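Visitor: I am in my first year and would like to learn how to read a structure slowly. Could you take me through one part of this one with care?

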Amino acid sequence: MVNLKNKIEQSNKKNISLPISRVRLIMKSSPDVSSINQDALFLTTKATELFVQHLAVSSFNNGSGKETNSLSYSDLANTAEETETFHFLTDILPKKILARDYLKSLEQMQEEEADY
């Protein structure tokens with residue numbers, strides 16, 4: 001029975017690409033977590049992997065990646081902003097803007113505030 005369980009665990013580990021040790025480290029960084037069950041660790045790792053894959057595929061299909069056969073940061077940022085499912089990622093994946101454009105918008109905001 002133990003041998004079969006070990007074989008199943010080894011085959012499950014082969015089905016994931018993210019490093020389990022890194023996921024464990026991230027989970028343990030939460031002050032609410034005292035111990036982590038191996039099954040919960042595996043499921044969290046697999047769910048994270050599936051989520052990242054879904055984000056990448058959605059970004060590729062909705063972005064410019066089809067023409068260039070690549071995935072760029074701007075594709076990810078656009079998907080986060082335009083797709084309701086990924087909208088919670090807009091703080092983590094903001095659209096890139098040039099420094100001069102940011103400074104211009106900041107200057108305009110300051111002028112608007114001065115008008116009040």
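Guide: What follows is a close look at one pair of packed helices, with the loop that lies between them and the core around them.

This is a predicted model, in which local features need pLDDT of at least 70 and side-chain atom pairs count only at pLDDT 80 or more, while totals for chains, interfaces and linings use all residues. Residues are numbered from 1 along each chain as its sequence is written, and side-chain values use heavy atoms, with hydrogens and water left out.

The chain has 6 helices and 0 strands, where helices (H or I, at least four residues) and strands (E, at least two) are DSSP runs numbered from the N terminus. Of its 116 residues, 16% count as buried; buried means under 20% relative accessible area, exposed over 50%, and partly exposed in between, with a 1.4 Å probe and protein chains only.

Two packed helices are described by the angle between their axes and the distance between the axes. For α2 and α3 that angle is about 105°, and the axes are 10 Å apart; axes are lines fitted to C-alpha atoms, for helices over the stretch in contact, and angles run from 0 to 180 degrees between N-to-C directions. This makes α2 roughly perpendicular to α3, since angles under 35 degrees count as roughly parallel, over 145 as roughly antiparallel, 65 to 115 as roughly perpendicular and the rest as oblique. On the α2 side the contact (heavy atoms within 4.5 Å) is made by Ile20, Val23, Arg24 and Met27, and on the α3 side by Gln38, Leu41, Thr44 and Thr45.

Some of these names return in the largest nonpolar core, whose 6 residues are Ile16, Ile20, Val23, Met27, Ile36 and Leu41. Such a core is a set of buried Ala, Val, Leu, Ile, Met, Phe, Trp, Tyr and Cys residues joined through side-chain atoms within 4.5 Å. The largest share of this core, 3 residues, comes from α2. Leaving aside residues up to four places away in sequence, Ile36 touches Arg24, Met27, Lys28 and Leu41.

Ser35 lies in the loop between α2 (20-28) and α3 (38-62), and Ser35 is exposed, with a relative accessible area of 60%. Ser35 and Arg24 are 11 residues apart in sequence, and their C-alpha atoms are 9.8 Å apart in space.
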